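This report goes through a protein chain from its overall make-up to selected residues, with attention to charged pairs, surface patches and buried positions. The sequence and the structure come first.

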Amino acid sequence: MSTAAKKSIAVGPGVGDRLPAPPRERKPALAALAALLVLVGALGATVLVMRAGDRMEAIQVTERVPMGQRIPESAMKMVLVADDDAVDYVPWEQRGSLAEQYRPVTDLMAGTVLVGQMLTGESTLAEGEVMVGVSLQPGQYPSGLEPGDTVAAYFVGDAAPPVDAEEGAEPSGGETLLTDRARVAAIHGEQGVTGTGTLPVTLRVEQSVVADLTRAAASGDVSLVIVAAPGE
């Protein structure tokens, strides 16, 4: 082959040379989606931070505490709950005074988060007094019933009244007085606004009326009337 022929032959790329890369195809939809995901993540983190600021440290009971007994600090732990003005949570910072000054007005089960309505500042019950729970239907309690009120409890069922009803109480219009010296220790929930339509109330009563009151309460035949406290 002649020298001229050799010069006319095109020489291919060397081993170390790179072929030109094709232009990249841009995908604006994917880019927009990625930006949207970043924005959503940032907003989610912001919401979590804001919600964390609306929480409070409350007290949860870690073991069963019977009604009227002290709640030892060893039976308390801190939990975070939503800071809601409608719920009277007991703040964690008050655990010391809680153990010393307050008693539960009902049995507390492990896992219960304490609210103020579960407690009383009265350290002990008087001799011969007990706490009794009743569930009242709308119409079986007066509007404005509050803890501390003195109430009369009546049997209002269609069946025969309890045989041990308070001495001297005569049936009148289907009603029999069970006691006129009960005291409202606690109201659990809002009046007339509960999941079952009932109002759970804890009453402080004399031991002598417990049997009649609990029998009437079991059948839903108890009605409360606010009366003047003794001595008023």
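The paragraphs below take up the overall fold, the salt bridges, the surface patches and two buried positions.

**Overall make-up**

The model is a predicted one, and its protein chain holds four helices and nine strands. Read from the N terminus, the elements follow the order α-α-β-β-α-β-β-β-β-β-β-α-β. Of the 232 residues in the protein chain, 30% count as buried, while the chain exposes about 15,000 Å², of which carbon and sulfur atoms supply 54%. Among contacts in the protein chain between residues at least 6 apart in sequence, 67% join residues at least 24 apart.

**Salt bridges**

The count of salt bridges comes to five, and the table gives three of these pairs.

| Pair | N to O distance |
|---|---|
| Arg95 and Glu73 | 4.0 Å |
| Asp180 and Arg181 | 3.2 Å |
| Glu206 and Arg181 | 3.4 Å |

In the salt bridge between Arg95 and Glu73, the side chains meet at 4.0 Å, N to O, and the pair links distant parts of the chain, with Arg95 in helix H3 (residues 95-101) and Glu73 in the loop between E1 and strand E2 (76-82), 22 residues apart. For a salt bridge, the nitrogen has to lie within 4 Å of the carboxyl oxygen, and the value for this pair is given as 4.0 Å. Arg95 has a relative accessible area of 27% and is therefore partly exposed, and Glu73, at 45% relative accessibility, also counts as partly exposed. Leaving aside neighbours within four places in sequence, Glu73 is in contact with Arg95, Gly96 and Ala99. The C-alpha atoms of Glu73 and Glu100, which are 27 residues apart along the chain, are separated by 9.6 Å.

Arg181 takes part in two of the tabulated pairs, one with Asp180 and one with Glu206. The pair of Glu206 and Arg181 links distant parts of the chain, since Glu206 belongs to strand E8 (residues 199-206) and Arg181 to strand E7 (residues 176-187), 25 residues apart. Taken together, Asp180, Arg181 and Glu206 are linked in a network of salt bridges. Which exposure class do Asp180, Arg181 and Glu206 fall into? Asp180 is partly exposed, with a relative accessible area of 32%; Arg181 counts as partly exposed at 41% relative accessibility; and Glu206 is partly exposed, with a relative accessible area of 32%. These values lie between the limits of 20% for buried and 50% for exposed, which is why the term partly exposed applies to Asp180, to Arg181 and to Glu206.

**Surface patches**

Asp54, Asp83, Asp84 and Asp85 form a negative patch on the surface. One of its members, Asp54, lies in the loop between helix H2 (28-52) and strand E1 (55-61).

A nonpolar surface patch is formed by Leu36, Leu39 and Val40, which together have about 270 Å² of accessible area. Leu39 lies in helix H2, and because its relative accessibility is 47%, Leu39 counts as partly exposed.

**Two buried positions**

Strand E8, which holds Glu206 of the salt-bridge network, also contains Thr202. Is Thr202 buried or exposed? With a relative accessible area of 5%, Thr202 is buried, because buried means under 20%. Not counting residues up to four places away in sequence, Thr202 touches Val105, Met131, Val132, Gly133, Arg183, Val184, Ala185, Ala186 and His188.

Leu224 is found in strand E9 (residues 222-226), and with a relative accessible area of 3% Leu224 is likewise buried. Its contacts, leaving aside neighbours within four places in sequence, are with Leu136, Gln140, Tyr141, Pro142, Leu145, Val151, Ala152, Ala153 and Leu203. Leu224 and Gly139 are 85 residues apart in sequence, and their C-alpha atoms are 9.3 Å apart in space.

Key:
Residues are numbered from 1 along each chain as its sequence is written. This is a predicted model: local features need pLDDT of at least 70, side-chain atom pairs count only at pLDDT 80 or more; totals for chains, interfaces and linings use all residues. Side-chain values use heavy atoms; hydrogens and water are left out. Patches are made of residues with over 30% relative accessible area and no salt bridge: like charges are joined within 9 Å, nonpolar side chains (Val, Leu, Ile, Met, Phe, Trp, Tyr) within 5 Å. Accessible areas come from the Shrake-Rupley method with a 1.4 Å probe; for residues, only the protein chains shown count as cover. Lys and Arg count as positive and Asp and Glu as negative; His and the chain ends are not counted. The place of a charge is taken as NZ of Lys, CZ of Arg, CG of Asp or CD of Glu. Helices (H or I, at least four residues) and strands (E, at least two) are DSSP runs, numbered from the N terminus. Buried means under 20% relative accessible area, exposed over 50%, partly exposed in between (1.4 Å probe, protein chains only). Contact means heavy atoms within 4.5 Å.
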